[in-house]
Amino acid sequence: MDGSRFSLYHIQHRTFKVFNKETRNDRNSSKKLLNKAFPTIPYSENKHVNVKGHKSPFDGDITYWSERNSKLYDGDTSKALKRQNHTCGYCGLKMFSEERVHLHHIDGNHNNWKAKNLLAVHESCHDYIHMSKTAR
Ligand SMILES: [Zn+2]
Ligand SMILES: [Zn+2]
């Protein structure tokens with residue numbers, strides 16, 4: 001027994017009363033109107049609505065290498081890659097190579113794991129970012 005079926009019963013019950021009152025019909029024609037307003041849906045068509053899908057986190061291009069390299073990447077890295085359309089946040093090239101993907105913390109705070117602060121970049125690009133930072 002779930003809540004939605006219970007509240008549907010309430011709506012039907014109220015509508016039934018309203019039909020009776022407003023149309024001054026007898027109970028039988030009100031019942032016909034009610035069936036028009038709420039066509040009977042077999043329970044079997046409803047019961048799977050709340051079942052969660054098992055969508056793979058990997059789709060499209062990412063499958064190409066994620067199957068080989070998935071152990072190298074934690075959840076945050078693959079999420080960042082997905083946000084960036086699987087391109088490097090520094091050079092903009094697709095992450096197709098065998099090169100490791102690094103997560104760069106934009107504000108330099110390695111305890112800040114907010115999505116906005118994370119940038120997936122090539123290992124070599126990551127070196128560039130930090131080299132240019134220290135050069136400044
Ligand atoms: Zn890069
Ligand atoms: Zn970094």
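Helices (H or I, at least four residues) and strands (E, at least two) are taken as DSSP runs and numbered from the N terminus. Under this assignment, helix 6 covers residues 123-135 and includes Ile129. The structure is a predicted model, in which local features need pLDDT of at least 70 and side-chain atom pairs count only at pLDDT 80 or more, whereas totals for chains, interfaces and linings use all residues. Residues are numbered from 1 along each chain as its sequence is written, and chains are lettered from A and ligands numbered from 1 in the order in which they are written.

The protein chain contains 6 helices and 2 strands. Read from the N terminus, the order of elements is α-α-α-α-α-β-β-α. Confidence is expressed as pLDDT, the predictor's confidence in each residue, from 0 to 100. The average pLDDT of the protein chain is 72, and 57% of the residues score at least 70. By element, the highest mean confidence, 95, belongs to strand 2, and the lowest, 48, to helix 4 (residues 62-69). Over residues 46-68 pLDDT remains under 50, and the model has 8 contacts beyond four places in sequence for this segment. Here two residues are in contact if their C-beta atoms, placed from the backbone, lie within 7 Å. Among contacts in the protein chain with a separation of 6 or more, 45% are between residues 24 or more positions apart.

Burial was assigned from the number of other C-beta atoms within 10 Å of a residue's own (buried, 20 or more; exposed, 12 or fewer; partly exposed, in between), with C-beta atoms placed from the backbone. By this criterion, 12% of the 136 residues of the protein chain are buried. A nonpolar core is defined as a set of buried Ala, Val, Leu, Ile, Met, Phe, Trp, Tyr and Cys residues joined through C-beta atoms within 7 Å. The largest such core has 9 residues, namely Ala80, Leu81, Cys88, Met95, Val101, Leu103, Ala120, Val121 and Cys125. At least two residues of this core come from each of helix 5 (75-83), strand 1 (101-105) and strand 2 (118-122).

Within the core, Val121 is located in strand 2. Val121 is classed as buried because 22 other C-beta atoms lie within 10 Å. Val121 and Leu103 are separated by 18 residues in sequence, and their C-alpha atoms are 6.3 Å apart. With neighbours within four places in sequence set aside, the contacts of Val121 are Cys88, Gly89, Tyr90, His102, His104, His126 and Ile129. Under the same exclusion, Cys125 is in contact with Cys88, Tyr90 and Cys91.

The loop between helix 5 and strand 1 contains Gly89. Gly89 is buried, as 23 other C-beta atoms lie within 10 Å. Residues up to four places away in sequence not being counted, Gly89 touches Gln84, His104, Leu119, Ala120 and Val121. The C-alpha atoms of Gly89 and Cys125 are 8.8 Å apart, with these positions 36 residues apart along the chain as the stated separation.

Two further residues in this loop have positive phi values. Asn85, found between helix 5 and strand 1, has a phi of about 60° although it is not a glycine. His86, which is also found in the loop between helix 5 and strand 1, has a positive phi near 65° and is likewise a residue other than glycine. The burial classes of the two residues are as follows. Asn85 is exposed, because 12 other C-beta atoms lie within 10 Å, while His86 is buried, with 20 other C-beta atoms within 10 Å.

In helix 6, Ile129 is partly exposed because 15 other C-beta atoms lie within 10 Å. Not counting residues up to four places away in sequence, Ile129 touches Tyr90, His104 and Val121. Ile129 and Ile106 are 23 residues apart along the chain, with a C-alpha separation of 9.8 Å. Ser124 is also placed in helix 6 and is partly exposed, with 14 other C-beta atoms within 10 Å. The C-alpha atom of Ser124 is 9.1 Å from that of Val101, the two residues being 23 residues apart along the chain.
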